[in-house]
Each structure stands twice: as C-alpha cells, then as structure tokens.
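The following exercises are to be worked through with the structure in view. Each task is followed by a solution in steps.

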Amino acid sequence: MQQEIFQPQDTFDPKWYIFKNLEIGKLYASLPLADLGKCLPPPESQGAPRWLSNQGMFGLMFLKHYLNCSDKKLIERFNTDWSLQFFCQKVLGPDQYIKDMNLPSRVRSYISTHADLNQLQAILLTHWKGDIENTSALFMDATCYESYIRFPTDIKLLWECNRWVHEKLVFKLCKLTATKRPRNKYTDQKKKQLAYDRLKRKSYKKGRVRKRSLLYLLNKGLGQLQDLLNDQPDVVLTLRQYQYIKTIKKVYQQQYYLFNTPGAKIKDRIVSLHKPYLRPIVRGKENKPVEFGVKAHMLQTGGITYFDSMDFNAFNECKRLKISTLKHRQIFGHLHQLAADGIYPTNENRRYLTARKIFTNFVPKGRTTLDKAEKILKAQLNTVRATHLEGSFGNHKNHYGLKKVKAKGEQNERVWVFFGVMVANALVIANRKKAPPNRIAA
C-alpha cells in the first residue's frame, strides 16, 4: 500500500492550511493527541461522551485551559469557531451544534476515571524531548494550586452542615412523607447566624457562643434525622446524601473535640463540606500563610515544568529529592546540575547528591571555598530557579485557569491542574518549533 502524501483535510478543506499557521494550529501540532487517545477505552464503550473521539476529548481539555474560559463559554466558542472544531477533530455540520453545556465536565470526569496522569505525562515529555534543551539541569520546588472555596472557618462549616441536615434532609423528608416537623431552634439560630455574619468584629467569646449553639443544633438535627428514617422505612436516601451525612458526622466529631480541647490538632481535618478531601496547606507566606488545594511538587528542565507528586495532604517536599532525580534520569538520561530552595539541603540529600557528583546551588557547609567558575554556576542556577521555575507558577495561575480550581471532586481537580500545566508547556514547545515551509523545495 502506497503512503498518502496529502491528508483528507488538506485535500477537501482549505481552512486547514489557515488553521496550521495560527497559534492554535501550532499548539495542535505540538501535542501527540493520537498517542494520548490510546490511553482511553474505545469511544464505543458505554459511558463515553458521544460527540468526541478519544483524541477530541483530550483536545477539548487542552482548549479549556488554552482559552481560560468556563465550560459554558468553551462550548459556545466550539459551536461557532471552526478552528476549535479542527483542534478536536469534530467539524460540525451547518445544522449541528452541541447543546450539552456540561460536556467539558463529563469529559473531565471520564478522563479522571479511565486515564493515568503519570502515563499521560510520560507520553507528552517523550514527545517533547527533542525540543527540550539543557536536559542535564533540574530545578524543583513545591506550590499549591488553590481550590475554589470561600475561606473556611469553623463557624461557617458548622452552619453549612446545619443547613444541609435541616433544609436538605429533615424538612424535605417531612414534606415528602406528610410528617410534622420535629421541634428545634433552627429558625432562631438562622437569625442569630445572620446577625453574627453582619458583625464587623467577631470576638473570641462570641465565636465560642456560636460554636456551642451550632454544635448542639447539629447533634439534635442528626438525631431527629435518624428518628425520621426509623419511622419511615420506605424512605431511601441516595448515595450522595449518604456521603454528605457521613461527612457531616465526621465534622461534628472533629469540631466537638476542638471545642472542648482548644489548641488541639487533628489529622485529616475537614475544612469544606462540599470538598471534604481538602486539607489546610501551611505555606508560610506573608500574605497567605495557609492555602486550601492540591500541593504539587514541580520539576523543571529546559523551561518545561512537570509533576513529581500531587497530593491534597501536606507533605515535606525535601524528602522527594531522591525520587525526583530518579524520574529525571528515567526521562532525560543524565543529570549534572540541580537547584532548589533552602528546605532541600539536608545532610541526607547532600550525601546523596555528592555521591553522584551532581553540582547544586546549595550553600556549602564548613569552610569550603569555591572557585570563580563554581560561584558563577551557582548564581546562574539560583537565578533560573527563582525566575523561570517560580515564575511558571504565576504564569499557570494567571493565564491557564489555575488561580482557583473550580472542578469538583478529588480526581477531577487533579485533571484540571494537569492540563493547565501541560498547555503552558505545549505553548513553549510550539514557540520553539520552526515555522513549516510554505512550499516544497525543488
């Protein structure tokens, strides 16, 4: 079988030539969508979105963060922009348009369920390896990609739990079963909560009073809900409602312990009712000491940033140094220089790097003297780490939808962050590639 020189889209649609010369076309050329599509089950399998192929689903996720818009705006743009349709390999007919505004969310959930992010990252880095320079230098640091929640407090959390138990469960079940509402002080506490929220200065004493009242009301509401379910055996709660009740009971136990033991610390403390997997990440920043989101240990080589680890629980990034160097060697083959901030140079890490003759930007211990070339190299490593690596974090958050992650669900948030970072990398690679020639040389 003879190889085809021209692809079908080149033959039948002149717009394809225009698409290839646009920035979005260069981004498309830098992505191995065909290889990524093989990481998902066949599109004919049950549960897969019907509009797009496997490659189109990955293309839609890249477009989401490239355009930095909401899911609704993305579908509106897709219906009216032929370049986005080319990117996802789904050209709509004159009388076709996608009505499902939740399609990006369903695609994100599908990818989080069936794809391995480590495998996807390996495919992308392998595809980009030829365009990455200075692969012998590794830079590392940790950052937090915050989740889209309001700043949590104990009183806000307890009030949300009370509202959910009483308004979403007890009152609705009473109306559904024509049962009289049980007596409680929910209406009075609602007025007091509104009055407390309007206070400009909330003293510690007033906060203790609110916590005590909300804990009592929540405990009573859970008991009344259980009595209602015992009296109405025909009532069946959904899986989502059971999950919320389980979370609310754990919140009550934690907050009751904290109320009676001031200053105590609790492992796996819940800070959000709707996102119970979030944990406080202490960052130590002057303007934001605590952040709530996924903590990521990021590596950078040749201006390309990739993940070593993502976790919603806080972890010490300096203990990831050995694993990070092994990942770098596995992908790029060699490592001669390494740069990191002041938390990494522990004695164990120093011995590990010295044994492997890896030059670092760490401040030497003792009376070690450096020659002029070593001082210059250390200064260059510090400069690149402080500008390129830390600057990439701000670039991700300001331009690729990672300032506040609006996905809901632990795995969905990981997918959101992953594609935001990879789009930034793909644009770097696209800008490095030379423009294709306009005609074939004679």
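**Exercise 1: A lysine at the surface**

Lys 192 is classed as partly exposed because its relative accessibility is 48%. This value belongs to a predicted model.

Task: State where Lys 192 is placed and which residues form a positive surface patch with this lysine.

Solution.
Step 1. Lys 192 lies in helix 11, which covers residues 186-197.
Step 2. The positive surface patch consists of Lys 192 together with Lys 180, Arg 183, Lys 185 and Lys 220.
Step 3. A residue enters such a patch with over 30% relative accessible area, and Lys 192 has 48%.

**Exercise 2: Cysteines and disulfides**

Task: Determine how many disulfides the whole structure contains, and explain why Cys 174 is not bonded to Cys 161.

Solution.
Step 1. A disulfide is a covalent bond between the sulfur atoms of two cysteines.
Step 2. The cut-off for the two sulfur atoms is 2.5 Å.
Step 3. The cysteine sulfur closest to that of Cys 174 belongs to Cys 161 and is 19 Å away, so the distance is too far for a bond.
Step 4. Cys 318 is likewise in no disulfide, its nearest cysteine sulfur being that of Cys 144 at 18 Å.
Step 5. A search of the whole structure gives zero disulfides.

**Exercise 3: Buried or exposed?**

Task: Classify Cys 174 and Cys 318 as buried or exposed, and give the share of buried residues in the protein chain.

Solution.
Step 1. Buried means under 20% relative accessible area.
Step 2. Cys 174 has 2% and is therefore buried.
Step 3. Cys 318 has 8% and is therefore buried.
Step 4. Of the 442 residues in the protein chain, 45% are buried.

Conventions: Residues numbered from 1 in each chain as written. Predicted model: local features only at pLDDT ≥ 70, side-chain atom pairs only at ≥ 80, totals over all residues. Heavy atoms only, no water. Patch = residues over 30% accessible without salt bridge, like charges linked within 9 Å, V, L, I, M, F, W, Y side chains within 5 Å. Areas by Shrake-Rupley, 256 points an atom, 1.4 Å probe, with all protein chains shown as cover. Salt bridge = Lys/Arg side-chain N within 4 Å of Asp/Glu carboxyl O. Lys, Arg positive; Asp, Glu negative; His and termini not counted. Charge placed at Lys NZ, Arg CZ, Asp CG, Glu CD. Helix = DSSP H or I, 4+ residues; strand = E, 2+ residues; numbered from the N terminus. Buried < 20%, exposed > 50% of the residue type's maximum accessible area, 1.4 Å probe, protein only.
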